[in-house]
Amino acid sequence: SRFYTKKEKNNTIYYVKTDNRPKRRHTPHPDFALEDYAEARNAMINKATDNEAAIIHMEATWTVTNTVEKRIWARQIQADLDQAKEVEQGAQDLRERELIQQCHKNEFAAAKERKKNRAKYQDVSEEAPPITAPEIISAYVTTRLHRGQYVKLWYFTNEGMAWGINAGPINKNALTQIVDSDGNISWALTTTTKVAKDVKKDRDLSWEQLLIATPRFLEAIQAADWTNQHQTHTDT
């Protein structure tokens, strides 16, 4: 070939690239015209294939093989990236699950602590403290209201409230049997005080006394856990 010079050494024929052979720029494959590839070229040279054809064939073979290997390598790189992404996603999911579990544990522990020490976590009212003394209802009235029994409005007037302060406490050792409309029997504490002597009937109260007693009565039955139906009926 006009681009190669034939040489022989140790009974081996090989070709060396001549200076007038055009340079291959940006070629991705090795230079198979070098002496390092002489043995491979000689194995391909025959009557139909000269040195130049052998070099072209070697370049084509290298290009095809390299293209296949690059595709395999690209697929392997993508597979590694996908696997790494899956591993990272799995680790992220695990961290999120552990964080959620820890939050649930903290919430459970906080709820248990609040339940155990309710006074510690009780909301403190920002309202100003009362400047007047609380109105105290007699034990006699309170007991009857908790039983759901009728109490005259006079006990909620100023006179009735004054009587209740001096009426005395409940005897915790005395019990009274109560039978409801269905015949069920229950027991309740008995007051040591008797009915006030000066108690007036509701119809005998003055308009002023009614205005004072009614709000107190409604608050008292609400504190005694009367049902909403009974409270509404009483209010009307």
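Okay, let's start with the parts list: the protein chain has six helices and four strands. Keep in mind as we go that this is a predicted model. If you read along the sequence, the order is β-β-α-α-α-α-β-β-α-α.

Some overall numbers, then. The chain has 236 residues, and 20% of them count as buried. The exposed area comes to about 18,800 Å², with carbon and sulfur atoms supplying 53% of that. And if you take contacts between residues at least 6 apart in sequence, 48% of them join residues at least 24 apart.

Let's go to the N-terminal part. Find Phe 32, please, in the loop between strand S2, residues 12-17, and H1. Is Phe 32 buried or exposed? Its relative accessibility is 6%, and the cut-off for buried is under 20%, so Phe 32 counts as buried. What does Phe 32 touch, once you skip residues up to four places away in sequence? The list is Tyr 37, Arg 41, Ile 55, Met 58, Glu 59 and Trp 62. Take Ile 55 from that list: Phe 32 and Ile 55 are 23 residues apart in sequence, yet their C-alpha atoms are 5.8 Å apart in space.

Ile 55 comes up again with Met 44. Met 44 sits in helix H1, which covers residues 38-44. The C-alpha atoms of Met 44 and Ile 55 are separated by 9.2 Å, and the two residues are eleven apart along the chain. Leaving aside neighbours within four places in sequence, Met 44 is in contact with Thr 49, Ala 54, His 57 and Met 58. So Met 58 is on the contact list of Phe 32 and also on that of Met 44. Unlike Phe 32, which is buried, Met 44 counts as partly exposed, at 23% relative accessibility.

Next, helix H2, residues 51-116, which is where you'll find Val 64. Val 64 is exposed, with a relative accessible area of 53%. Together with Val 68 and Ile 72, Val 64 makes a nonpolar surface patch of about 250 Å².

Now for charges. How many salt bridges does a search of the whole structure find? One. The partners are Arg 95 and Glu 88, whose side chains meet at 3.3 Å, N to O. Neither end is tucked away: Arg 95 is partly exposed with a relative accessible area of 40%, and Glu 88 is partly exposed too, at 46%.

On to helix H3, residues 139-147. Its buried residues are Tyr 140, Val 141, Thr 143 and Leu 145. Right after H3 comes Gly 148, with a positive phi near 80°.

Then there's helix H4, residues 158-165, where the buried residues are Gly 160, Met 161 and Gly 164. Why do they end up on the same side of H4? Because they cover an arc of only 100° around the axis. As for what they face, the buried residues of H4 pack against helix H5, residues 207-223.

A quick word on the aromatics. The structure holds five aromatic pairs. One of them is Phe 217 with Trp 226, an edge-to-face pair at 6.3 Å centre to centre, with 85° between the planes. Both partners count as buried, since the cut-off is under 20%: Phe 217 has 10% relative accessibility and Trp 226 has 18%. Elsewhere, Trp 154, Tyr 155 and Trp 163 form one aromatic cluster.

Last stop: Asp 225, in the loop between H5 and helix H6, residues 228-235. What is the phi of Asp 225? Near 65°, a positive value in a residue other than glycine. For context, most residues other than glycine have a negative phi. Asp 225 is also exposed, with a relative accessible area of 64%.

If you open the model afterwards, I'd suggest three views. Look at Phe 32 with its contacts, including Ile 55 and Trp 62. Then turn to the buried residues of H4 against H5. And finish on the edge-to-face pair of Phe 217 and Trp 226. That's it from me, thanks.

Note on methods: Residues are numbered from 1 along each chain as its sequence is written. This is a predicted model: local features need pLDDT of at least 70, side-chain atom pairs count only at pLDDT 80 or more; totals for chains, interfaces and linings use all residues. Side-chain values use heavy atoms; hydrogens and water are left out. Rings of Phe, Tyr and Trp (its six-membered ring) pair if their centres lie within 6.5 Å; planes under 30 degrees apart count as stacked, over 60 as edge-to-face and the rest as tilted. Buried means under 20% relative accessible area, exposed over 50%, partly exposed in between (1.4 Å probe, protein chains only). Helices (H or I, at least four residues) and strands (E, at least two) are DSSP runs, numbered from the N terminus. Contact means heavy atoms within 4.5 Å. Accessible areas come from the Shrake-Rupley method with a 1.4 Å probe; for residues, only the protein chains shown count as cover. Patches are made of residues with over 30% relative accessible area and no salt bridge: like charges are joined within 9 Å, nonpolar side chains (Val, Leu, Ile, Met, Phe, Trp, Tyr) within 5 Å. A salt bridge is a side-chain nitrogen of Lys or Arg within 4 Å of a carboxyl oxygen of Asp or Glu. The arc is that of the directions from the helix axis to the C-beta atoms.
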